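Here is a friendly walk through a model of protein chains with DNA. Have the viewer open as you read.

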Number of protein chains: 2
Amino acid sequence: MQTLSTEDYLKAIYHVSQSSPGAVATTSIAKQIGAKPSSVTDMFKKLSDQNLVKYQKYNGVSLTNEGIKTALRIIRKHRLWESFLVSHLNFNWDEVHQVAEQLEHIQSEKLTNELERFLDYPTHDPHGDPIPNRALFMKTYNKILLIELPVNKEGVCIGVKDNSSDFLRYLDRRQIGIGTPLQILHREDFDDSLHIQAGKSTLMITKKTAENIYVKP
Amino acid sequence: MQTLSTEDYLKAIYHVSQSSPGAVATTSIAKQIGAKPSSVTDMFKKLSDQNLVKYQKYNGVSLTNEGIKTALRIIRKHRLWESFLVSHLNFNWDEVHQVAEQLEHIQSEKLTNELERFLDYPTHDPHGDPIPNRALFMKTYNKILLIELPVNKEGVCIGVKDNSSDFLRYLDRRQIGIGTPLQILHREDFDDSLHIQAGKSTLMITKKTAENIYVKP
DNA sequence: CAACAAATTTAGAGAAGTCTAAATTATTTT
DNA sequence: AAAATAATTTAGACTTCTCTAAATTTGTTG
């Protein structure tokens, strides 16, 4: 049974280790959590005592199997709650995160599993991220950035890389969301802008935008 | 913005003050919370500093208006979540409490209000207790104990006094729940047992049982 | 490879909440 | 009303998590 704080750390370690392989550095977790490096070191020791991470002084941590399982259980809850908030409680993409951060700590297996059933066993959350199932297994399907999609090939929006409210609201205004069909019509070499087909409308987006949208080809 | 602990105390103070008028004693909160009286004294001081209670040494506390509002906000969330768990997530009477104790601390006005809308503005939770509305007002309808119901007068089960799992499961087995019509057919003076009509079946219950069921006449 | 910079850890302290044990106040009993 | 009992508070300590400031280790560069 973990405290709120240890759960936050495990989740942060999991996420950082996903985006960059190898051991996770003290500073990277400090940034993610919003704590000072010295606090992170303290927590690393605590997690190590509980065999949730392997910790080597001056060389960061890596999750043990038990640590990975604990992290996935939290991520499972987080993504199920996000799905619920969007599908039944009228939350938008950009509003769910803060609340899901709280809900992910609720301890009740029955609650999690019943919520999953109620949502009809969703495989992905509103940001397009995969939801671990009861056995903590998740389907990671082949996702690429919109910028990498070949011209004239059809894709479907399945998520975003940048989760900032600004970006999510920008996409909402352009009527781009999970499931929107996307296609690159033309790449402008001059300024790297793109003309795209998004659902039924055609519009122009910048390179930066195209680098932050995930699509399934 | 309160901590988990202060929220628990405010709720406990509210409940105790409802069942016995006047100032709330240190010991009664200690029992309710499961803490030592000395810890309760500490917390009383903290709550007093925040103007959530009025505290007089050696004479317990009483909630200020601000304290009452805070307590009601928590109770509102608790009862809405209990309703959700029972109506949509297959929880039973006796399983909801522990989970709702956690969920009641989630901070998001939008979440609370959307949940209320999703549940279609329920006025009472699965134990028959009234749910404060957005303005923190609740309808407390005229409820009496089954033992006080005159013979042959019809009533409807609206809740219970004893919330123990044992009792709730006992009622489940007898098919008595919220909304079940109840009627006393005969009082046995010899051993204080009662013959009652519960829905479509007639059964015998003890005095103790009848003292723990609330009915609306 | 020495010197500097960056990252990390240690040491010591603070806030929140809890406890035990002792002291104090209130209440009840005789 | 004094003595005994119960309730409450104080004092001091502990745990968890956090911080700042200083010390140490690692890496990077001239």
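## Around DNA strand D

In this predicted model, 20 residues surround DNA strand D, and the closest are A:Thr3, A:Ser39, B:Thr27, B:Lys45 and B:Tyr55. A residue is near a strand if one of its heavy atoms lies within 4 Å of it. Of the strand D atoms that come within 4 Å of the protein, sugar and phosphate account for 72%.

Let's look at some polar contacts (pairs of N or O atoms within 3.5 Å). A phosphate oxygen of strand D is 3.0 Å from a side-chain N or O atom of B:Thr26, and one is 2.7 Å from a side-chain N or O atom of B:Lys57. B:Tyr58 uses a polar backbone atom, 2.8 Å from a phosphate oxygen of strand D. The elements giving two or more residues to this surface are α1 (4–19) and α3 (37–49) of chain A, together with α2 (26–33) and α3 (37–49) of chain B. Helices here are DSSP runs (H or I, at least four residues), numbered from the N terminus.

## Around DNA strand C

Of the 21 residues around DNA strand C, A:Thr27, A:Lys45, A:Tyr55, B:Thr3 and B:Ser39 come nearest. Sugar and phosphate make up 74% of the strand C atoms that come within 4 Å of the protein.

Phosphate oxygens of strand C lie 2.4 Å from a polar side-chain atom of A:Tyr55, 2.7 Å from a side-chain N or O atom of A:Lys57 and 2.8 Å from a polar backbone atom of A:Tyr58. The largest share of the surface near strand C, five residues, comes from α3(B).

## How the two chains are related

Chain A can be laid on chain B with an RMSD of 0.1 Å by a turn of 180° and a shift of 0.0 Å along the axis, which is the relation of a two-fold axis. The superposition is by least squares on C-alpha atoms of residues with pLDDT of at least 70 in both copies. Within chain A, the C-alpha of A:Leu103 comes closest to the rotation axis, at 3.8 Å.

The copies meet through the same surface, because 100% of the interface residues of chain A are also interface residues in chain B.

## Reading the numbers

Residues are numbered from 1 along each chain as written, while chains are lettered from A and ligands numbered from 1 in the order written. Local features need pLDDT of at least 70 and side-chain atom pairs pLDDT 80 or more, whereas totals for chains, interfaces and linings use all residues; side-chain values use heavy atoms, without hydrogens and water.

Methods
Contact = heavy atoms within 4.5 Å. Polar contact = N/O pair within 3.5 Å; in protein donor to acceptor, adjacent residues only side chain to side chain.
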